[in-house]
Amino acid sequence: LTLVLISRTAFGQFNDSINHYLYIGSTGTFSKTNDLASYVLANNIKFTVSKKRFSFHTANSWVYGKQSDIKSNNDFSSLAEFDFLKNEKRLYYWGNATFDKSYSLKIDYRYQTGAGVGFNIVQNPKLLLNVTEGFIFENGSLIDKDLGERDYDVWRNSARFKYRWVIQDI
């Protein structure tokens, strides 16, 4: 209850100055029967800065839980991403970085970093067509009960197509 009461959201309207957005949230569940007790807590914090030429976004989450006094979750995830010239030019630049650590998914750690270019084919209030292309590097360590720790490094291509189509304001 205390975490819910201290959670706050700040909003701003977009104009020609910087737009900041901060979100802090926490939620959870608690269950108790005659034989068992369990709980899971999910905590989030997000921060965004939007400017006409540049946007930057971060998101962080932590999930912790126990079932019958045995840890079921202790998962942390963090993201940072940016776009440069996305709202000013048809060709723009993007980049991102992520970190994950998950007890429940047996991920000791996973880092990803990437960068590339995007192209707005069509961008108006009724239709958006967008293509991005870039490269992502991933480094991680997984925990397998049969094989033990598995470390890996991999380069990947990241090609995406995005569309949004508004049909009569629906």
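## A walk through a predicted chain

At a relative accessibility of 11%, T132 counts as buried, because buried means under 20%. Keep in mind that this is a predicted model. T132 sits in strand 8. Which residues does T132 touch, once those up to four places away in sequence are left out? The list is Y92, W94, V117, G118, S158, A159 and R160.

**The overall layout**

Let's step back to the whole chain. How many helices and strands does the chain have? There are nine strands and one helix. If you follow the sequence from its start, the pattern reads α-β-β-β-β-β-β-β-β-β, so the helix comes before the strands.

The chain has 170 residues, and 21% of them count as buried. About 12,200 Å² of the chain is exposed, and 59% of that comes from carbon and sulfur atoms. Now look at contacts between residues at least 6 apart in sequence: 42% of these join residues that are at least 24 apart.

**The largest pocket**

T132 turns up again here. The largest pocket has a volume of about 500 Å³. It is lined by 23 residues, and those closest to its centre are E81, D83, W94, T132 and R160. Two of these names, W94 and R160, are also in the list of residues that T132 touches.

Where does the lining come from? Strand 3 (37-50), strand 4 (54-67), strand 5 (70-84), strand 6 (91-102), strand 8 (127-144) and strand 9 (148-165) are the elements that give two or more residues to the lining of the largest pocket. What kinds of residue make up this lining? Eleven are polar, six are nonpolar and six are charged.

**Salt bridges**

Next, have a look at the charged side chains. The count of salt bridges comes to five. The table shows some of them, with the distance between the N and O atoms.

| Acidic residue | Basic residue | N to O distance |
|---|---|---|
| E88 | R53 | 3.8 Å |
| D83 | K86 | 3.9 Å |
| D108 | K101 | 3.4 Å |

Start with E88 and R53, whose side chains meet in a salt bridge. Why does this pair tie together separate parts of the chain? E88 is in the loop between strand 5 and strand 6, while R53 is in the loop between strand 3 and strand 4, so the pair links parts that are 35 residues apart in sequence. How much of each partner is accessible? E88 is partly exposed, with a relative accessible area of 38%, and R53 is partly exposed too, at 45%.

Now for D83, which you met among the residues closest to the centre of the largest pocket. D83 forms a salt bridge with K86. Is D83 buried or exposed? D83 is buried, with a relative accessible area of 19%. Its partner K86 has a relative accessibility of 24%, so K86 counts as partly exposed.

The side chains of D108 and K101 form another of the salt bridges. D108 has a relative accessible area of 22%, which makes it partly exposed. K101 is partly exposed as well, with a relative accessible area of 39%.

**Two backbone oddities**

Time to check the backbone angles. Most residues other than glycine have a negative phi. What is the phi of L85? L85 has a positive phi of about 70 degrees, although it is not a glycine. You can find L85 in the loop between strand 5 and strand 6. L85 is buried, with a relative accessible area of 10%.

K106 also has a positive phi, near 60 degrees, and it is a residue other than glycine. Where is K106? K106 lies in the loop between strand 6 and strand 7 (107-123). Its relative accessible area is 42%, so K106 is partly exposed.

**L142 and its contacts**

K106 leads us to one last residue, L142, which is in contact with K106. L142 has its place in strand 8, the strand that also holds T132. While T132 is buried, L142 counts as partly exposed, at 34% relative accessibility.

Which residues does L142 contact, leaving aside neighbours within four places in sequence? Besides K106, they are I107, G148, E149, R150 and Y152. L142 can also be compared with L105: the two are 37 residues apart in sequence, and their C-alpha atoms are 8.7 Å apart in space.

Conventions:
Residues numbered from 1 in each chain as written. Predicted model: local features only at pLDDT ≥ 70, side-chain atom pairs only at ≥ 80, totals over all residues. Heavy atoms only, no water. 1 Å grid on protein atoms, 1.4 Å probe; cavity = no way out; pocket = protein on both sides within 12 Å on 5 of 7 lines; lining within 4 Å. Points joined across faces, edges and corners; volume = space filled by probe spheres on them. Helix = DSSP H or I, 4+ residues; strand = E, 2+ residues; numbered from the N terminus. Nonpolar A, V, L, I, M, F, W, Y, C, P; charged D, E, K, R; others polar. Buried < 20%, exposed > 50% of the residue type's maximum accessible area, 1.4 Å probe, protein only. Contact = heavy atoms within 4.5 Å. Areas by Shrake-Rupley, 256 points an atom, 1.4 Å probe, with all protein chains shown as cover. Salt bridge = Lys/Arg side-chain N within 4 Å of Asp/Glu carboxyl O.
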